[in-house]
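Let us walk through a protein model step by step, beginning with the meaning of one word and moving on to the places where that word becomes useful.

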Amino acid sequence: MRKRAIAALTAAVTAASVTAASAQTVPAFGYHKVRTAVPKEAAHFRVTSPDLAHGTFPAASYADAFGCTGGNVPPRLSWSGAPAGTRSFAVTMFDPDAPTGSGFWHWSVRDLPATATSVPAGAAAGANDAGTTGYLGPCPPAGDRPHHYEITVLALDVPDAGVPATASPALASFALGSHVIAYARLTATATS
């Protein structure tokens, strides 16, 4: 009788542990992993930003929309170490934590020359997910968890990706994906 009680207790503890572990790995309601647009075989290079040195956005870089009152100023970026075959660069900013089911693209700049080491003033930017052109700063919903914004510099094997300026960020990312030879990424957080 004692052996059965110990076996039953052991089984109950094991089941509770498995249930607790499973609960730890299941994402919270509304969250799922979004597939990356960067090929696994892509090489890496370096990108830095004096504006994001502490891993968070300064007030000036927050959006001036959706209830936020930031300056909508894009963070300054500087990159180096891209491979010799680079013919152009693209820069994107993506929020995988946005409560949309597909993330949210905040910035898409394409067709920067291979000699670029930063985003030049007046660079032609594509559409963002708000339907506007250019940089749209972070503005997580009030009370939401911190959002992680992936700023990615893509080294491309073509001088012009052939993506229309009016293309959606998802379409642009899809078109750029087959031309990525290397990338650099930094992630910064923002809260409401």
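Two residues are said to be in contact when heavy atoms of one lie within 4.5 Å of heavy atoms of the other. The model shown here is a predicted one, and a helpful residue with which to begin reading it is H106, which is found in strand β5. Leaving aside its neighbours within four places in sequence, H106 is in contact with M93, D95, N128, G134, Y135, L136, G137, P138 and Y149. One of these partners, L136, can be described in finer detail, since its backbone oxygen lies 2.7 Å from a polar atom of the side chain of H106. Is H106 buried or exposed? Its relative accessible area is 5%, and because buried means under 20%, H106 counts as buried.

From this single residue we can turn to groups of nonpolar residues. In soluble globular proteins, nonpolar side chains tend to be buried together. In this model the largest nonpolar core has 31 residues, and those with the most contacts inside it are F45, F57, W79, F89, V91, I151 and V153. Strands β4 (88-95), β5 (104-113), β6 (147-156) and β7 (180-190) each supply at least two residues of this core, and β7 gives the most, with five residues. To see what surrounds one member of the core, consider W79, which, when residues up to four places away in sequence are not counted, touches F45, R46, V47, F89, V91, L112, A116, T117, S118, V119 and V153. Apart from this core lies another, of 13 residues, among them A42, V158, A161 and V163.

Charged side chains offer another way through the model, for the structure holds two salt bridges. In one of them, the side chains of R76 and D51 meet at 2.6 Å, N to O. This pair links distant parts of the chain, for although R76 and D51 are both in the loop between β2 (46-48) and β3 (78-80), they are 25 residues apart. R76 counts as exposed, at 53% relative accessibility.

The other salt bridge joins the side chains of R145 and D97, at 2.9 Å, N to O. Here too distant parts of the chain are linked, with R145 in the loop between β5 and β6 and D97 in the loop between β4 and β5, 48 residues apart. How accessible are the two partners, R145 and D97? R145 counts as partly exposed, at 39% relative accessibility, whereas D97, at 8%, counts as buried.

Terms used:
Residues are numbered from 1 along each chain as its sequence is written. This is a predicted model: local features need pLDDT of at least 70, side-chain atom pairs count only at pLDDT 80 or more; totals for chains, interfaces and linings use all residues. Side-chain values use heavy atoms; hydrogens and water are left out. A nonpolar core is a set of buried Ala, Val, Leu, Ile, Met, Phe, Trp, Tyr and Cys residues joined through side-chain atoms within 4.5 Å. Buried means under 20% relative accessible area, exposed over 50%, partly exposed in between (1.4 Å probe, protein chains only). Helices (H or I, at least four residues) and strands (E, at least two) are DSSP runs, numbered from the N terminus. A polar contact is a pair of N or O atoms within 3.5 Å; within protein, one must be able to donate a hydrogen and the other to accept it, and residues adjacent in sequence count only if both atoms are side-chain atoms. A salt bridge is a side-chain nitrogen of Lys or Arg within 4 Å of a carboxyl oxygen of Asp or Glu.
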